[in-house]
Amino acid sequence: ANVIPLPEAPHAPIRAHEIAFLTHAGAMLAEVREPDLLVFSAAGLANGHLVTVSRGATDESAWTVLAYDPNGRELLRHVTTGSVPPQALLTADGRRLVVLEQPPGSGTAIVSVLAPQRRLKRHRLPGITAMTADERSSRIALAGASVVVLLDATTGKLRWRRDEPVDFILPDGLRFDGRRLAVVTAARDRVRERARLGLRSYRLTDGAGTYGALDEVPLGAMPTVIDVEAPAAGKRRVVLPERAIDTTIEGDAP
């Protein structure tokens, strides 16, 4: 009679910090409860580790980053304050936590490298829009409109830093590509309402970079990067949702 029943959503954007760790067979390994925290975001790693960013239950400017192993054991904890939530990555071995904080309007990113019970290093960088962890090492890559950085989370030190006009990085466009770091970028032309896609490729050892032109897309239709492949020596293939684009890597970016 003009009534449509709708089920209640089981998850809210902010929810109680209550996490169950289960085996694949469904057996309970551990259950974690933090009554003073509300989960804002959670990200699981392929090896079973989990990183959560939680807000204080009574203080909306208080943030706690927690890293857990696959059995629900707490590995690392970082507490900070701010009007926006921090971002966090855990290295593949679970031994280092990298936390990114960006105060609104500052144009500055603060990157903290944390080990159990201590902070190894703290770096101040230009604004960062993407970061990713190497699944095979302790390397962390960060990139923004004007900078690309490779971080060694084991020591907390920057391996190298390239200051250059990157402009816009496509979603999932920052990724480790074998012995190189790939950054799929878009140089935006707001007058023409078009974006020129390109692939920047950096050598992991020293940050030496090369560039390959891709294609143009409408400014309002930036695709997500599915993969970056190497079909042949000196060649790269950027896989997008609806097509793949081949390019030759050569020379510095314009």
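Let me start with a pair of strands: β16 and strand β17 (residues 209-218) run antiparallel and are joined by eight bridges, where strands are DSSP runs of E with at least two residues, numbered from the N terminus, and two strands pair if DSSP finds at least two bridges between them. Before going on, I should say that this is a predicted model, in which local features need pLDDT of at least 70 and side-chain atom pairs count only at pLDDT 80 or more, while totals for chains, interfaces and linings use all residues. Residues are numbered from 1 along each chain as its sequence is written, and side-chain values use heavy atoms, with hydrogens and water left out.

Back to that pair: R194 stands opposite P218 in β17, and the hairpin that β16 and β17 form has five residues between the strands, with G207 in the turn at a positive phi of about 80°. On its other pairing, β16 is joined to strand β15 (residues 180-189) by 10 bridges, again antiparallel, and here A182 stands opposite S201 in β16. The hairpin of β15 and β16 has four residues between the strands, and E193 takes a positive phi near 60°. Strand β16 itself, residues 194-203, is mostly covered, since seven of its 10 residues are buried, buried meaning under 20% relative accessible area with a 1.4 Å probe and protein chains only.

Further along the chain, strand β18 (residues 227-229) and strand β19 (residues 235-239) pair in the antiparallel sense over three bridges, with E229 opposite R237 in β19. Their hairpin has five residues between the strands, and G234 in the turn has a positive phi of about 80°. β19 also pairs with strand β20 (residues 244-248), in the antiparallel sense, over five bridges, and the partner of R237 in β20 is D246. Four residues make the hairpin connection from β19 to β20.

What does the chain look like as a whole? It has zero helices and 20 strands, and its C-alpha atoms fill a box of roughly 60 × 55 × 45 Å, taken along the principal axes. Of its 254 residues, 44% count as buried. Among contacts (heavy atoms within 4.5 Å) between residues at least 6 apart in sequence, 37% join residues at least 24 apart.

One buried residue deserves a moment, namely T52, which has its place in strand β3. How accessible is T52? T52 is buried, with a relative accessible area of 0%, and, not counting residues up to four places away in sequence, T52 touches H17, I19, S41, A42, T64, V65, L66 and Y68.

I will finish with the largest pocket, which has a volume of about 990 Å³. A pocket here is an open set of points on a 1 Å grid over the protein atoms alone, where a 1.4 Å probe fits, with protein on both sides within 12 Å along at least five of seven lines, and lining residues have an atom within 4 Å of a point. Of the 34 residues that line the largest pocket, the closest to its centre are L45, L89, T132, A133 and E135. Which strand supplies the largest share of the lining? That share, eight residues, comes from β14, and β2 (28-44), β3 (50-56), β6 (87-90), β10 (130-133) and β14 (168-177) each supply at least two residues of the lining.

Note on methods. Grid points are joined across faces, edges and corners, and a volume is the space filled by probe spheres set on the points. Buried means under 20% relative accessible area, exposed over 50%, partly exposed in between (1.4 Å probe, protein chains only).
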